[in-house]
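Subject: Structure handover

Hello,

Here is the structure I said I would pass on. My notes on it follow below.

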Amino acid sequence: MKDEHRERFSRKKRAGLPLIVCAPSGAGKTTLIGRLREEFPLQFSVSCTTRVPRAGEVDGRDYHFLSREEFIAQRDSGLFAEWAEVHGNFYGTPLKPLRERLACGEDMLFDIDVQGAAQLALTLPESRFVFIFPPSLKELEARLRKRGADSEESILLRLANARNEIRQSHWFDAWIINDDLDKAYDELRAFYLSSTLGPALRPDVIHSILNGV
Ligand code: 5GP
C-alpha cells in the first residue's frame with residue numbers, strides 16, 4: 001500500500017465500504033483484486049468453501065477449507081452473510097469478521113459469485129458492486145485451458161456458469177471488460193475511489209471545513 005493512501009484512509013473514523021467484485025472464473029478477477037489490494041488498504045473477506053485446495057492455496061489466507069458437514073452446520077447456525085453452491089461446491093462469507101471490520105471503518109473486498117452478491121445487496125445495501133467481463137467467451141475458454149488448473153469437466157462447468165453469471169449481471173453498479181489488464185485496473189481503481197467519495201463515507205468533512213480543523 002502506498003503511504004499517501006495509508007494517510008488518506010486512516011485519518012477519519014467512518015464505516016467501511018463493502019466492495020463486491022464478481023466475474024466468471026478466468027476473467028482476470030484474481031489479478032485485478034491483487035493489484036487493488038497492493039495499492040489500497042482493503043481487507044479481503046476470506047470465504048469458507050468445501051472445494052479442495054489448489055496448489056499454493058493456504059487455509060485461512062485464500063479460503064477456510066471445510067468439509068461439507070462442517071459447512072452445512074455453520075450455514076444452518078446462521079454464521080454466513082451469504083452462501084451459494086458454485087461449480088458443485090459450497091462457498092460462504094463468514095458474517096462475524098465482516099461486521100467487525102466494517103464497523104471499524106475498514107473497506108472490504110469480496111470475491112464472490114453473482115448469487116452471493118445478490119444476497120449481499122439485501123443484507124449490506126451500502127455495498128458497491130462491480131462485474132468484470134472477459135472480452136469474449138472464446139477468450140475465456142482459452143484462458144481457462146491455459147491456466148491448467150481444472151479438469152475438462154470443470155472447464156465446461158465454468159463456461160456454462162460464465163454464461164449464467166453474465167446473464168445475471170445487469171443490476172451491478174459498474175461493468176468492466178478485461179481485454180487490457182492495465183485499462184481494466186484503471187477502471188477498477190477509479191470505481192473504488194469514486195465509491196469512497198460520498199458523504200456517508202466522509203462524515204466529518206463539513207464539520208472540519210466549517211471549523212477549520
Ligand atoms: P474458485 O473455486 O475458482 O476459487 O471460486 C469459484 C467461484 O466461487 C468464484 O466465482 C468465486 O467468486 C466464488 N466464491 C468464492 N467465495 C465465495 C463466497 O464466499 N460466496 C459466494 N457466493 N461465492 C464465492
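Which atom of the ligand does a polar side-chain atom of Arg54 lie 3.0 Å from? It is an oxygen atom of the ligand. Please keep in mind that this is a predicted model, and that the distances and areas here are computed from it.

The ligand

Two other side chains make polar contacts of this kind. In Tyr91, an N or O atom of the side chain is 2.5 Å from an oxygen atom of the ligand. In Asp113, a polar side-chain atom lies 2.7 Å from a ligand nitrogen atom. On its own the ligand has 510 Å² of accessible area, and the protein covers 94% of that. There are 17 residues around the ligand, and those that come nearest are Ser47, Arg51, Tyr63, Tyr91 and Asp111. Tyr91 therefore appears twice in these notes, being one of the nearest residues and having the 2.5 Å contact to a ligand oxygen.

The protein overall

The protein has 9 helices and 9 strands. Its radius of gyration is 18 Å, while the globule rule gives 17 Å for 213 residues; the two are close, so the protein is as compact as a globular protein of that length. Taken along the principal axes, the box filled by the C-alpha atoms is roughly 65 × 40 × 30 Å. Of the 213 residues, 44% are buried.

Helix α9

Helix α9 covers residues 205-211, and two of its residues are worth a look, Leu210 and Asn211.

Leu210 has a relative accessibility of 70%, and because exposed means over 50%, this residue counts as exposed. Leu210 also belongs to a nonpolar surface patch of about 440 Å², which it makes together with Val205, Ile206 and Ile209.

Asn211 has a relative accessibility of 48%. This value falls between the 20% and 50% limits, so Asn211 counts as partly exposed. A polar atom of the Asn211 side chain lies 2.7 Å from the backbone oxygen of His207. Thr196 is 15 residues from Asn211 along the chain, and the C-alpha atoms of the two are separated by 23 Å.

That is what I have for now.

Regards

Methods: Residues are numbered from 1 along each chain as its sequence is written. This is a predicted model: local features need pLDDT of at least 70, side-chain atom pairs count only at pLDDT 80 or more; totals for chains, interfaces and linings use all residues. Side-chain values use heavy atoms; hydrogens and water are left out. Patches are made of residues with over 30% relative accessible area and no salt bridge: like charges are joined within 9 Å, nonpolar side chains (Val, Leu, Ile, Met, Phe, Trp, Tyr) within 5 Å. Accessible areas come from the Shrake-Rupley method with a 1.4 Å probe; for residues, only the protein chains shown count as cover. A salt bridge is a side-chain nitrogen of Lys or Arg within 4 Å of a carboxyl oxygen of Asp or Glu. Helices (H or I, at least four residues) and strands (E, at least two) are DSSP runs, numbered from the N terminus. Buried means under 20% relative accessible area, exposed over 50%, partly exposed in between (1.4 Å probe, protein chains only). A residue is near a molecule or strand if one of its heavy atoms lies within 4 Å of it. A polar contact is a pair of N or O atoms within 3.5 Å; within protein, one must be able to donate a hydrogen and the other to accept it, and residues adjacent in sequence count only if both atoms are side-chain atoms. The radius of gyration is taken over C-alpha atoms; the globule rule is 2.2 Å times the number of residues to the power 0.38.
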